[in-house]
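Student: I have a model open and would like to learn how to read it feature by feature. Could you walk me through it?

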Amino acid sequence: MGSMFRSEEVVLAQLFLPTASAYACVSQLGELGLVEFRDLNASVSAFQRRFVADVRRCEELEKTFTFLQEEVRRAGLPLPRPEGALPAPPPRDLLHIQEETERLAQELRGVRGNHQALRAQLHQLQLHAAVLGHGHGHGPLLAATPMDGPSDLTPLLQPPGTPHRDLRVNFVAGAVEPGKAAALERLLWRACRGFLIASFRETERQLEDPVTGEPAMWMTFLISYWGEQIGRKVHKITDCFHCHVFPFPEEEAARRVALEQLQQQSLELREVLRETELFLSQVLARVQRLLPTWQVQVRKVKAVYLALNQCSVSATHKCLIAEGWCATRDLPRLQEALRNSSMEEGVSPVVHCIPSRDMPPTLIRTSRFTAGFQGIVDAYGVGRYQEVNPAPYTIITFPFLFAVMFGDVGHGLLMFLFALAMVLAENRPAVKAAQNEIWRTFFGGRYLLLLMGLFSVYTGFVYNECFSRAMTIFPSGWSVAAMANQSGWSDEFLAQNPLLMLVPNTTGVFLGPYPFGIDPIWSLAVNHLSFLNSFKMKMSVILGVTHMTFGVFLGVFNHVPPLPLPTGISASATACCWRRCLSWCFCSASSATWSSSSSSSGCASPRPPPPGPPASSSTSSTCSCSAAAPPTRRSSRARRWCRRYWWSWPWLWCPSCCWAHPCSCTGGTGATPRGPAAHCRRTRLSSWTLRTETRRRPRAPGSPRSWCSPRCSCTRPSTPSSSAWAASPTRPPTCASGP
């Protein structure tokens with residue numbers, strides 16, 4: 001558990017491995033994962049190292065495995081994951097794997113080639129049969145002779161015994177792709193100037209393509225011409241379009257006999273093709289069973305030889321010298337593993353620790369639960385040796401900060417249930433064997449999603465939102481009936497004022513804070529969004545400053561082991577002061593922006609109060625904002641601050657921020673105005689209660705020290721003290737006497 005909060009202590013170990021048992025020792029260390037080897041041959045080229053031939057042999061095997069894997073996937077067969085732990089095989093077993101792999105690859109290449117050739121031959125027979133079927137039923141095409149007039153029934157050639165009986169008509173028949181048929185017909189007509197007759201027809205059924213295996217339609221054509229010159233043109237054009245040309249007998253009986261022979265050959269070829277596919281499936285099944293195991297074993301063998309290439313050879317060539325970083329608490333396991341690996345050889349390896357000035361690597365052990373959070377921390381940068389690991393604290397802070405901006409009970413519950421389903425099914429083989437990239441990402445961060453959903457449900461209750469709708473779990477702390485009864489809202493007043501305000505100082509209106517979260521009555525207010533945004537922004541600033549401060553104080557522990565404690569405290573104090581200054585600037589800018597927007601929104605023509613008796617007759621006070629009032633010392637200070645720091649806070653480039661007028665509070669009947677020296681109590685909203693805070697304003701020269709009455713509260717539509725249930729955002733602030 002200590003390594004979870006800080007990287008483990010590691011030492012540099014030097015290993016003397018006998019040459020006969022070096023392979024077995026490194027293989028066993030790789031299975032346990034105890035050592036990170038250092039390269040002692042950095043000055044030697046990769047092609048001049050001792051085990052480079054064995055590495056090349058493994059790379060050749062990996063290329064053959066890639067070919068076999070592609071053939072298996074081409075056949076649509078899945079590759080199962082190897083079961084159990086597969087150690088690296090000894091070198092003599094690697095030779096057996098190499099021989100068996102080459103034999104399977106040679107068989108698969110031969111069978112696949114024969115299968116492709118048989119499919120191509122069957123495709124040619126099918127096209128030839130389709131071409132012969134195209135000409136079936138058609139007699140010899142006859143050329144037209146000059147007669148009394150053209151007729152559709154006039155033969156193209158004169159019957160035997162006429163002067164043109166020696167004229168011979170030749171035929172070219174074949175098949176072409178449908179996309180090329182129109183261009184082929186157009187080019188034949190233009191090149192031969194119409195001295196031919198061409199007939200194009202689609203095949204009756206789709207034929208399987210021998211390369212892609214997809215069914216496709218083909219166009220068969222039959223061209224009749226006379227003359228050697230036109231025949232040469234026709235053959236050249238068909239060759240350019242890559243047409244499949246087949247012999248076409250002139251006699252119909254010969255065509256029928258040829259068609260029967262083609263059908264018989266197709267049947268025989270299909271039988272041979274079926275036997276070939278059966279043998280191919282047997283070879284692929286054998287590859288499917290052996291390939292995953294071989295891939296893992298060859299990958300481990302290659303890793304062993306790469307680690308051996310990092311070792312240096314002793315002067316006597318009887319042992320290999322290796323250096324590696326190992327955790328201090330794993331040294332006994334390291335010695336025991338080396339002893340067991342070299343037991344057959346009779347010579348035990350030697351292990352001892354050596355000093356080093358190099359920075360050791362960072363070792364942090366993780367589990368299924370902490371792996372996702374450690375990955376987030378490592379994405380920003382891996383800490384140095386023996387530094388404090390922030391991943392355990394990220395388990396709480398990261399999901400909670402996510403929930404601050406994703407607070408919703410409904411959405412958080414869906415995320416929580418989805419992550420819970422992945423956690424419950426994490427040991428199923430089908431879930432682990434899924435290859436989808438998006439699913440692997442979600443499954444790797446299942447515990448992170450679980451906590452994010454859980455915290456989102458909590459903050460959703462704080463925000464009182466479920467699928468962006470308010471929930472009424474407890475009775476509201478505001479009473480509309482009491483405000484309506486004591487204010488005397490008439491039908492005419494309700495007709496003229498579509499927006500109403502609940503005054504908390506009226507007796508019976510504010511019954512008390514909501515038990516948990518935000519009161520659901522805020523969902524009916526017109527300034528609901530601005531109120532929640534202000535609330536969340538202030539809360540985010542507080543959480544952000546707290547988070548940074550916690551990180552600064554956590555950095556003190558990074559200086560405890562290597563540096564004196566005062567040095568670490570001074571460094572952390574400096575960082576804390578610097579971050580505090582940045583936080584103060586940000587908070588000051590945000591406060592100036594909020595105060596300026598509130599002051600500018602309050603400078604509007606006052607609206608008469610609703611008719612009815614006052615809330616209290618003991619004291620009465622009003623509060624109004626006058627646009628003609630001169631700027632006070634506070635507004636002048638804000639103006640100077642804005643002019644000085646305008647370059648660092650671009651969102652303060654507005655005149656309203658620098659020319660804000662304060663609110664002037666006046667007392668009850670007969671009271672003198674208190675002017676800019678008055679002090680006003682402002683209200684702020686915590687996560688589930690209303691709290692008030694008394695602040696003091698600067699005293700004007702010559703005026704007595706005075707404090708605002710505790711019963712006087714400046715209420716604005718954007719502050720929770722007004723609880724603007726249906727308040728207009730442009731309504732000026734008013735002051736009402738408290739109960």
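Student: Which strands does helix 6 lie across?

Tutor: Keep in mind that this is a predicted model. Helix 6 lies across strand 3, strand 4, strand 7 and strand 8. Its direction is at about 165° to strand 7.

Student: Which strands does helix 5 lie across?

Tutor: Helix 5, residues 178-192, lies across strand 3 (170-176), strand 4 and strand 7. With respect to strand 4, helix 5 runs at about 175°.

Student: Now the sheet itself. In what order do the strands come, and is the pairing parallel or antiparallel?

Tutor: The general idea comes first: strands of a sheet pair through backbone hydrogen bonds, and the pairing can be parallel or antiparallel. Here 4 strands make an open sheet in the order 4-7-3-8, with antiparallel pairing. At the edges are strand 4 (196-202) and strand 8 (244-246), each of which pairs on one side only. From one strand to the next, the twist averages 20°.

Student: How many bridges join strand 4 and strand 7?

Tutor: Strand 4 and strand 7 (residues 219-225) pair in the antiparallel sense over 7 bridges. To find your way along this pair, look for F200, which stands opposite F221 in strand 7.

Student: Back to helix 6, then. Is T238 buried or exposed?

Tutor: T238 lies in helix 6, which covers residues 228-240. The cut-off for buried is under 20% relative accessible area. T238 has 0% relative accessibility, so T238 counts as buried.

Student: Which residues is T238 in contact with, leaving aside its neighbours within four places in sequence?

Tutor: T238 is in contact with F221, C243 and V245. You have already met F221, the residue of strand 7 opposite F200. The side chain of T238 also has a polar atom 2.8 Å from the backbone oxygen of H235.

Student: As a biochemist I always look at cysteines. How many disulfides does the structure hold?

Tutor: The structure holds 0 disulfides. You can still read the surroundings of individual cysteines. C58 counts as buried because its relative accessibility is 0%. C192 has a relative accessible area of 4%, so C192 is buried too.

Student: Where is R81, and what does R81 touch beyond residues up to four places away in sequence?

Tutor: R81 sits in the loop between helix 3 (52-74) and helix 4 (91-135). R81 touches K432, A433 and Q435. Its side chain reaches the backbone oxygen of K432 at 3.4 Å. R81 is at 46% relative accessibility and therefore counts as partly exposed.

Student: How far apart are R81 and P292 in sequence and in space?

Tutor: They are 211 residues apart in sequence, while their C-alpha atoms are 6.3 Å apart in space. For the protein, 77% of the contacts with a separation of 6 or more are between residues 24 or more positions apart.

Student: Which residues does UniProt list as "transmembrane region"?

Tutor: The unreviewed UniProt entry lists residues 400-425 and 446-463. Next, compare the annotation with the model. Residues 400-425 are 85% helix and 0% strand, with the end C-alpha atoms 25 Å apart. Residues 446-463 are 100% helix and 0% strand, and the end C-alpha atoms lie 25 Å apart.

Student: And how many helices and strands are there in the protein?

Tutor: The protein has 20 helices and 19 strands. Of its 739 residues, 39% are buried.

Conventions
Residues are numbered from 1 along each chain as its sequence is written. This is a predicted model: local features need pLDDT of at least 70, side-chain atom pairs count only at pLDDT 80 or more; totals for chains, interfaces and linings use all residues. Side-chain values use heavy atoms; hydrogens and water are left out. Helices (H or I, at least four residues) and strands (E, at least two) are DSSP runs, numbered from the N terminus. Buried means under 20% relative accessible area, exposed over 50%, partly exposed in between (1.4 Å probe, protein chains only). A polar contact is a pair of N or O atoms within 3.5 Å; within protein, one must be able to donate a hydrogen and the other to accept it, and residues adjacent in sequence count only if both atoms are side-chain atoms. Contact means heavy atoms within 4.5 Å. UniProt positions are given in the numbering used here, feature names are shortened, and annotations may be inferred rather than shown by experiment. Two strands pair if DSSP finds at least two bridges between them. Axes are lines fitted to C-alpha atoms, for helices over the stretch in contact, and angles run from 0 to 180 degrees between N-to-C directions. A disulfide is a pair of cysteine sulfur atoms within 2.5 Å.
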